[in-house]
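Please open the model in your viewer and keep the sequence panel beside it. We will go from one selection to the next, and at each stop you will hear what is there.

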Amino acid sequence: MTLSNKKANYADHIDRISDLPCNVIDGILKHLNIQELVCTSLLSRKWRYVWNTVPQLVFCEDFFFRFKFKDLDDPSPDINRIINEVLLQHNGPIYRFTLDIPWFSNILITAEYFNKWLLFLSKRGIKDLAIFNYGIFSNKMPSHVFSCQELTHLWFAGFNVSVPPNFCGLKSLLVLDLQRNTYEFGALETLMSGCPLLKELSIELFGDIKSICLKKAKNLIDLRLMVNQESVSGLIKSLPNIQRLTLESCCDKTLYADIISPSHLISLKYLKLHFVSLDERGELFYIVSVLKSASNLVELVIESNNISGGQEPDQLEELERDSCCFSQLQTVNIRVGTTDFKHAMSLIQLILANSSSLKTLAFKVDFGHRKLDPAVLLSISRNLLLMERASQRARVEFTH
């Protein structure tokens, strides 16, 4: 064998991966799914036990997808066994754990298994926990989630939420996301009162929740609320001084004016409204009421995807005569459909005339598949250009 061949053969056997800095290896491993992570044990003898010290474990859709092609009436026992084995073989702290059971699967993980895993994680310093139970809805919430006292981030979906009588709170929790859950009476209020550091709350309400009180979440500054029920009158009874609010309603008959009073929003700096119906006069005047109450509002986002043809809206002379001051408002984004763009124009006129600090107002009209009328587009552009502006720096961007 020649010297060059020996050098080439030696180069082929250099373990370049193992010689990488530890922080680089950790950065690579945290982007691998659970199957890929465990398979790194086959790379070499050095890598045999590397995977079981990685501080984050993610069981997401691709993990569950592999069971779809197996001839199993119920894959749940195999899934439970594999997750058990992974946890038991892990040798180190687990700061992040994600279990994302996909929609429309026939996977059922009982509260017994959830509690076993959560108790294990609570002893490994879990800080970031996400359990999305989108398989078979579980009527029983795993109570050992409250044993994870070091939690700072919690995502929880697909359970009937209840709080045990001996609940001592989650004292370190900063971010809470609750989706597709049902709630025992008073469970939400009790949970909020036990999270004194909570800053961000995202919650989906559906079914028949009468009202909720979030006043005890004194440090809450960011609320994202998705309402999926028709009965919403007086839904939010009280709030702390939140600074960011995102509202979304999935029911056509739901009005934001019924969900939360503008008097609760005096400290707002950011407001986003999804699926708002600007062709409803009440909704339009609700937005104006919020603008008047939230004197510190800096950014406003309104999205309405109503592109179906409808009745020609009335002129809103009340808005044209309204006099107010939105002194802190700097950024406005409004996206509407064909049926409510004229009401949106009235709102824009009010905002431009009363926002002395405004920098950018972006206005988009979604005409869908309808043929665009050049005369209508020209009329919108001309009207926007001629509107009085309180801020000489205000830039208006119109797209369609």
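Start by selecting strand β13 (residues 270-274): β12 pairs with β13 in the parallel sense over 5 bridges. Helices (H or I, at least four residues) and strands (E, at least two) are DSSP runs, numbered from the N terminus, and two strands pair if DSSP finds at least two bridges between them. Show Glu248 next; the bridge partner of Glu248 in β13 is His274. Now add strand β10 (residues 222-228), which pairs with β12 (residues 244-249), again in the parallel sense, over 6 bridges. Here Leu223 has Leu245 in β12 as its bridge partner.

Stay here and show the side chains of Arg244 and Tyr270. What sits over the ring of Tyr270? The charged end of Arg244 does, 4.0 Å from the ring centre. (A charge sits over a ring if NZ of Lys or CZ of Arg is within 6 Å of the ring centre and within 35 degrees of the ring normal.)

A word on what you are looking at: this is a predicted model, where local features need pLDDT of at least 70 and side-chain atom pairs count only at pLDDT 80 or more, while totals for chains, interfaces and linings use all residues. Residues are numbered from 1 along each chain as its sequence is written, and side-chain values use heavy atoms, with hydrogens and water left out.

Next, select helix α5 (residues 76-89) and find Asn80 in it. Is Asn80 buried or exposed? Asn80 counts as buried, at 5% relative accessibility; buried means under 20% relative accessible area, exposed over 50%, and partly exposed in between (1.4 Å probe, protein chains only). Leaving out residues up to four places away in sequence, Asn80 touches Leu108, Ile109, Tyr113 and Trp117, where contact means heavy atoms within 4.5 Å. Try a distance label, too: the C-alpha atoms of Asn80 and Thr110 are separated by 9.4 Å, although these residues are 30 apart along the chain.

Two of those neighbours lead to the aromatic rings. Rings of Phe, Tyr and Trp (its six-membered ring) pair if their centres lie within 6.5 Å; planes under 30 degrees apart count as stacked, over 60 as edge-to-face and the rest as tilted. By this rule there are 10 aromatic pairs. In one of them, the ring centres of Tyr113 and Trp117 are 5.8 Å apart and the planes are at 45°, so the pair is tilted. Select helix α6 (residues 111-122): Tyr113 and Trp117 are 4 residues apart in α6, so about one helical turn separates them. Tyr113 is partly exposed at 25% relative accessibility, whereas Trp117 is buried at 2%.

For another pair, select Phe146 and Phe167. Their ring centres are 5.0 Å apart and their planes are at 65°, so this pair is edge-to-face. The pair links distant parts of the chain, 21 residues apart: Phe146 is in the loop between β3 (128-133) and β4 (153-157), and Phe167 is in the loop between β5 (160-161) and β6 (175-179). Phe146 is buried at 10% relative accessible area, and Phe167 also counts as buried, at 17%.

Then show Tyr113, Phe114, Trp117, Phe156 and Phe159 together, which form one aromatic cluster.

Finally, zoom out and colour by pLDDT, the predictor's confidence in each residue, from 0 to 100. The chain averages 83, and 86% of the residues score at least 70. Over residues 309-313, pLDDT stays under 50. In the whole protein chain you can look for 12 helices and 17 strands, and buried residues make up 45% of its 400 residues.
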